[in-house]
2 protein chains.
Amino acid sequence: MGNADYVYPSNVECSHRVAIPPPQPFVKSLKYSLKETFFPDDPLRQFKNQPPSRKVILGLQYFLPFLEWAPRYTLEFLKADLIAGITIASLAIPQGISYAKLANLPPILGLYSSFVPPLVYALMGSSRDLAVGTVAVASLLTGAMLGEEVNTLENPKLYLHLAFTATFFSGVFQACLGFLRLGFIVDFLSHATIVGFMAGAATVVCLQQLKGILGLDHFTHGTDLVSVMRSVFSQTHQWRWESGVLGCCFLFFLISTRYFSQRRPKFFWISAMAPLTSVILGSLLVYLTHAEKHGVQVIGELKKGLNPPSFGDLVFVSPYLTVAIKTGIITGVIALAEGIAVGRSFAMFKNYHIDGNKEMIAFGMMNIVGSCTSCYLTTGPFSRSAVNYNAGCKTALSNIVMAMTVMLTLLFLTPLFHYTPLVVLSAIIISAMLGLIDYAAAIHLWKVDKFDFVVCMSAYIGVVFGSVQMGLVIAIAISLLRVLLFIARPRTVVLGNIPNSMIYRNVEQYPYTNNVPGILILQIDAPIYFANSSYLRERIARWIDEEEDRLKSTGETSLQYVILDMGAIGNIDTSGISMMEEVKKIADRRGLKLVLANPGSEVMKKLNKSKFIDNIGQEWIYLTVGEAVGACNYMLETYKPNPMKNEAETRNTV
Amino acid sequence: MGNADYVYPSNVECSHRVAIPPPQPFVKSLKYSLKETFFPDDPLRQFKNQPPSRKVILGLQYFLPFLEWAPRYTLEFLKADLIAGITIASLAIPQGISYAKLANLPPILGLYSSFVPPLVYALMGSSRDLAVGTVAVASLLTGAMLGEEVNTLENPKLYLHLAFTATFFSGVFQACLGFLRLGFIVDFLSHATIVGFMAGAATVVCLQQLKGILGLDHFTHGTDLVSVMRSVFSQTHQWRWESGVLGCCFLFFLISTRYFSQRRPKFFWISAMAPLTSVILGSLLVYLTHAEKHGVQVIGELKKGLNPPSFGDLVFVSPYLTVAIKTGIITGVIALAEGIAVGRSFAMFKNYHIDGNKEMIAFGMMNIVGSCTSCYLTTGPFSRSAVNYNAGCKTALSNIVMAMTVMLTLLFLTPLFHYTPLVVLSAIIISAMLGLIDYAAAIHLWKVDKFDFVVCMSAYIGVVFGSVQMGLVIAIAISLLRVLLFIARPRTVVLGNIPNSMIYRNVEQYPYTNNVPGILILQIDAPIYFANSSYLRERIARWIDEEEDRLKSTGETSLQYVILDMGAIGNIDTSGISMMEEVKKIADRRGLKLVLANPGSEVMKKLNKSKFIDNIGQEWIYLTVGEAVGACNYMLETYKPNPMKNEAETRNTV
């Protein structure tokens with residue numbers, strides 16, 4: 001680092017040349033661009049300047065992060081992880097069964113999915129707080145997308161196999177994204193999209209629970225509000241009050257424990273235990289009152305034993321392959337978005353770093369292994385991870401503890417769920433879903449950024465009135481439209497001089513700035529691309545028109561110079577360069593001089609290559625707006641003494 | 001305009017407050033945004049402050065621009081327009097017939113299409129140089145898209161009616177774009193896309209002419225290189241040498257006249273007259289030698305008489321409606337892109353203004369009227385307009401002269417085309433198409449902007465090896481990807497101090513800049529949106545890591561401040577604000593102070609609404625990087641006297 005000499009020139013304007021960056025070989029700049037696009041976090045940095053043996057260890061730790069924490073594991077950690085693991089298992093068992101029902105899959109799959117995938121994640125995942133399990137939204141989406149092609153009642157086996165296949169493709173897709181460093185695709189699901197989408201999905205999932213709560217036998221296959229309402233109100237005579245009362249009681253119990261725990265975070269375990277308590281209470285109640293014979297539907301028999309292998313069940317040659325791939329990719333992306341966001345937010349709390357691409361590989365492997373062991377799509381659900389975090393987990397070992405608890409349940413306790421009423425599962429789902437509807441976030445969006453609010457609401461409305469996929473597509477389309485609109489309609493602002501300085505800023509933001517007589521200073525806020533070059537040409541022409549009209553009406557010095565502040569123009573393409581040439585022609589035609597200020601390196605490079613710099617003249621490109629104005633004023637004074645200009649306006653110009 | 005007092009502070013840093021723009025009512029800012037998006041050129045400006053009668057006249061002139069020039073029309077103009085009109089008619093007649101054949105439509109439609117649409121355009125169009133007519137690319141596309149659904153040989157009537165219907169929808173779509181001020185959609189066809197697409201389409205059109213040149217009876221319906229080559233070489237025994245020789249002779253004649261005219265622009269009329277001369281020579285030759293009986297195909301009978309009405313032929317209830325609408329929209333957009341670009345470039349030469357949206361309405365009306373009078377899609381072809389311009393046309397009256405000439409031909413001269421050999425038409429098409437392959441532009445793209453070159457080449461390859469639509473879709477997708485990639489991976493650069501100034505610039509572009517000890521200055525070159533917020537967080541963290549590593553290895557002052565130059569950040573969304581909060585946390589965790597410099601009005605507004613300004617502290621937001629550095633240096637010196645820092649480095653800091 002050189003010496004930074006702060007010698008400020010007093011009342012002297014030294015004009016600085018704008019540098020044209022040295023030409024770079026094409027391959028080098030391509031390599032740089034590719035690195036920034038795919039390896040922005042420079043994952044190989046820690047491998048630099050290390051002996052080979054250390055490199056091997058670092059490499060192993062990179063793919064199996066448990067090697068990092070295992071050697072430093074202590075008894076105290078174990079205690080904490082044991083408590084956390086058992087707590088999340090008590091949540092995982094009822095939720096697993098409930099969400100499997102939501103996906104129209106056998107309930108036992110929910111337990112299977114809480115056994116194998118957490119083990120895989122514990123080895124490969126880099127989050128210490130993430131608790132692995134199935135999620136409601138992905139379950140619902142799996143059910144809806146596969147259900148369009150295969151009727152689960154008519155052909156349950158094919159449906160099951162397709163679910164495994166979809167999970168397999170989810171895993172492959174997730175792992176590929178990670179390996180190919182394409183994790184940034186998940187970023188295109190903006191926060192606003194996720195808020196709206198989650199709230200919509202939660203609403204839709206709650207609506208589906210009306211089936212369980214009201215004890216209905218037949219129900220629509222649609223997920224939208226209109227179909228569900230029509231289905232519910234067309235069979236009012238089939239509503240079962242026993243089921244309804246039971247459901248409402250448990251829902252009240254669950255919501256009140258959740259409310260209590262939210263108020264007193266120390267008692268987080270009360271809301272964490274509530275679902276299992278509900279299941280036990282509900283099962284006991286049914287067992288004692290034989291309510292299953294009076295219209296209260298129960299789970300029925302669950303097979304004892306661990307996950308059977310399901311590799312042979314994957315379907316690769318069927319006409320249904322397309323739907324399995326489509327379902328896999330869409331649910332995979334959504335699961336990924338939730339899992340990565342959850343991992344990142346807890347890492348932020350505890351001050352450690354998570355590598356998104358590495359997490360994707362872990363999620364992918366977990367689902368690939370899961371699909372071969374009778375599991376369906378798993379990720380890191382927010383609610384369960386929050387319980388894990390509150391219960392004081394230290395490492396991913398809590399996932400192993402949870403898996404072991406679920407294993408014991410699978411081996412010995414499945415008969416106990418025979419009498420569990422479905423309505424309790426519905427109540428558990430609803431109470432979990434209510435937490436996903438984030439009013440506060442939507443209000444915040446409205447306050448801060450109206451466009452984000454529109455994105456959020458369109459995702460919500462799309463999901464509730466259309467379908468889950470439709471909501472997602474609409475929200476992403478609107479988000480992208482916003483980005484395109486930013487480029488297509490960049491802001492151009494007029495700059496004015498901040499009194500007693502050489503600083504020029506937006507006259508609207510700083511109303512106390514002074515205009516400079518005879519000079520129009522414009523700033524463009526976006527790269528100049530094909531999508532905005534026509535607009536900018538028209539807009540700059542209009543600024544000049546308006547300024548000339550204004551000057552004419554007030555009788556001030558006529559316009560002589562147009563300075564374009566290029567500081568915020570990150571890049572330019574060939575359409576943009578043509579636009580600049582046309583603006584130059586427009587200016588020439590009106591007898592104005594076009595002056596550029598502060599073009600960046602990319603822009604200078606391209607202006608130079610296209611000979612625009614020779615066209616405009618290197619001497620008309622300045623490093624700052626201040627210097628450009630200084631030069632223009634000098635020229636105005638020297639060559640065109642204007643009687644209308646008073647002394648004061650120009651006295652400090654060299 | 002106030003007095004601009006250039007009193008430069010000598011060695012005094014006056015810290016300026018960054019203004020938070022005054023809150024605007026939502027409706028007002030929405031109105032402003034909508035105006036900038038849809039009315040950037042402020043078309044109503046000329047109506048302001050005018051008496052009502054004048055407003056009516058201006059309004060009429062707005063929709064019927066001929067009212068503007070008609071009153072000022074002179075005899076001299078008429079002379080010029082007469083010459084130009086007759087010249088373009090001599091080009092329009094053979095080209096019209098050729099392009100109609102390309103669209104698999106009856107040749108007479110080419111003449112019909114050069115009669116009615118030019119009359120409509122002469123009334124409504126605002127370009128003085130545009131010559132209306134059919135174009136090869138849109139003709140080929142019409143043929144290819146309709147041909148997929150309806151076989152023109154088996155069901156010529158339905159095919160013809162679908163062509164009219166597609167033209168009708170093109171017109172409606174074009175007029176709608178104009179009325180709804182959505183003209184900017186055409187801007188998404190970038191210059192690079194158009195260069196590649198046009199070259200590809202020209203190649204494909206030339207390939208199609210092999211049928212005529214070789215005198216083949218059967219030919220593939222595909223347009224891609226592979227199908228055409230397979231079709232041509234699978235029937236080598238059917239090649240007709242008579243046809244081939246004739247074709248090559250005329251092609252040589254046409255190309256050499258074109259080359260001559262290009263060298264000597266005064267003799268533009270030689271190349272303009274060449275096609276008609278070829279037609280006359282070819283017809284005479286066939287008539288005299290009876291070559292039509294020796295394998296030279298001729299046009300055959302053309303019906304005498306003006307355009308029959310075709311309003312009743314439009315198909316609105318058929319199962320083919322979708323294909324008609326799709327064809328109409330795609331060909332309509334392409335025709336629009338060519339027409340608008342042609343109009344604009346000649347307007348630029350002659351220094352007058354063209355309103356894109358108004359032109360779209362004119363094109364739309366011209367095609368709607370055309371579709372009801374047996375015409376198919378017309379626009380403003382480049383070649384014909386260039387001839388019009390070179391022939392010295394003064395107003396759109398040259399189009400009327402052309403239409404009248406074509407009318408006379410339709411009424412009296414159609415029998416003369418009976419013996420015109422098809423091979424001459426093929427030669428005319430090929431020679432016109434060769435002009436569309438713009439090698440020089442492609443080389444320019446490669447030199448200036450590699451990404452634009454990729455867009456151009458992918459359009460070309462897509463068109464030649466896939467289909468015309470595929471090339472278009474690929475090119476637009478890549479162009480949009482570029483825009484998204486600019487947002488998803490913005491450049492962050494480190495700034496350094498330019499010696500003896502308060503200016504801070506990119507250290508890569510200005511290698512002679514000095515680093516400031518203890519301070520890292522970063523500039524972000526794009527708006528902070530959901531698509532890049534994760535990336536920027538990681539990237540900023542990496543810059544800090546790298547800077548700290550570097551400082552540690554060289555033993556310099558440790559890092560204390562991170563200054564973010566927000567000058568080039570045009571906008572921020574809620575994901576971006578979360579990112580800023582996380583960056584603040586990252587900085588806090590490492591004991592660094594985050595300082596912002598020069599946030600714009602949009603950014604300040606949102607940072608304020610989201611309380612981020614309170615979080616970071618208003619006093620840590622500066623108007624310029626220079627002032628931020630000054631303040632940081634002051635704090636460094638006052639509160640943390642660092643023994644490692646030498647006097648020189650900080651002596652000028654207040």
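This report walks through a predicted model with two copies of a chain, A and B.

## Chain A at a glance

Let us begin with the overall build. Chain A has 27 helices and 6 strands. Along the principal axes, its C-alpha atoms fill a box of roughly 105 × 70 × 55 Å. How many residues does chain A have, and what share of them count as buried? There are 654 residues, and 52% of them count as buried.

Contacts in chain A often link stretches that are far apart in sequence. Taking contacts between residues at least 6 apart, 81% join residues that are at least 24 apart.

## Two domains

The domain assignment splits chain A into two parts. Domain 1 is made of three stretches, 75-218, 228-262 and 272-483, while domain 2 is the single stretch 490-650. Measuring between centres taken over C-alpha atoms, domain 1 of chain A and domain 2 of chain A are separated by 56 Å.

There is also a record to place on this map. An unreviewed UniProt entry carries the annotation "domain: STAS" for residues 509-632 of chain A. In the model, that span is 51% helix and 15% strand, and its end C-alpha atoms lie 24 Å apart.

## The sheet of chain A

If you would like a landmark to find in the structure, try the open sheet. In which order do the 6 strands of chain A line up? The order is S2-S1-S3-S4-S5-S6, and the pairing is mixed. Strand S2 (504-506) and strand S6 of chain A are the edge strands, each of which pairs on one side only.

A good strand to follow is S5 of chain A, which covers residues 593-597. Is S5(A) mostly covered or mostly open? It is mostly covered, since 4 of its 5 residues are buried. On one side, S5(A) is joined to strand S4 (residues 561-565) of chain A by 5 bridges, and the two run parallel. Within this pair, A:Leu564 has A:Leu596 as its bridge partner in S5(A).

On the other pairing, 2 bridges join S5(A) to strand S6 (residues 621-622) of chain A, and these strands also run parallel. Here A:Ala597 stands opposite A:Tyr622 in S6(A). A helix takes part in this region too: S4(A), helix H23 (residues 574-589) of chain A and S5(A) make a right-handed β-α-β unit.

## The sheet of chain B

Chain B holds an open sheet of 6 strands as well, with the order S2-S1-S3-S4-S5-S6 and mixed pairing. Its edge strands are strand S2 (504-506) and strand S6 (621-622) of chain B, each pairing on one side only.

Inside the sheet, strand S3 (residues 519-524) of chain B runs parallel to strand S4 (residues 561-565) of chain B, and 5 bridges join them. To locate the pair by residue, look for B:Ile521, which stands opposite B:Ile563 in S4(B).

## How the two copies are related

What turn lays chain B on chain A, and with what RMSD? A turn of 180° with a shift of 0.0 Å along the axis does it, with an RMSD of 0.1 Å. The two copies are therefore related as by a two-fold rotation axis. The same surface serves both copies, as 100% of the contact residues of chain B recur in chain A.

Which residue of chain B comes closest to the rotation axis? That residue is B:Ala568, at 2.0 Å by its C-alpha.

## Two residues with positive phi

Two backbone details round off the tour. A:Ser374 is not a glycine, yet its phi is positive, at about 60°. A:Ser374 sits in the loop between helix H15 (356-371) and helix H16 (382-390) of chain A. Is A:Ser374 buried or exposed? A:Ser374 is buried, because 25 other C-beta atoms lie within 10 Å, and the cut-off for a buried residue is 20 or more.

B:Asn500, also a residue other than glycine, has a positive phi near 60°. The loop that holds B:Asn500 lies between strand S1 (492-497) and S2 of chain B. With 14 other C-beta atoms within 10 Å, B:Asn500 is partly exposed.

Terms used: Residues numbered from 1 in each chain as written. Chains lettered and ligands numbered in written order. Predicted model: local features only at pLDDT ≥ 70, side-chain atom pairs only at ≥ 80, totals over all residues. Buried ≥ 20, exposed ≤ 12 C-beta atoms within 10 Å, placed from the backbone. Pairing = 2+ DSSP bridges. Right-handed = clockwise from strand over helix to strand, strands pointing away. Domains from an automatic or database assignment. Least-squares fit on C-alpha atoms with pLDDT ≥ 70 in both. Contact = placed C-beta atoms within 7 Å. UniProt positions renumbered as here; feature names shortened; annotations may be inferred.
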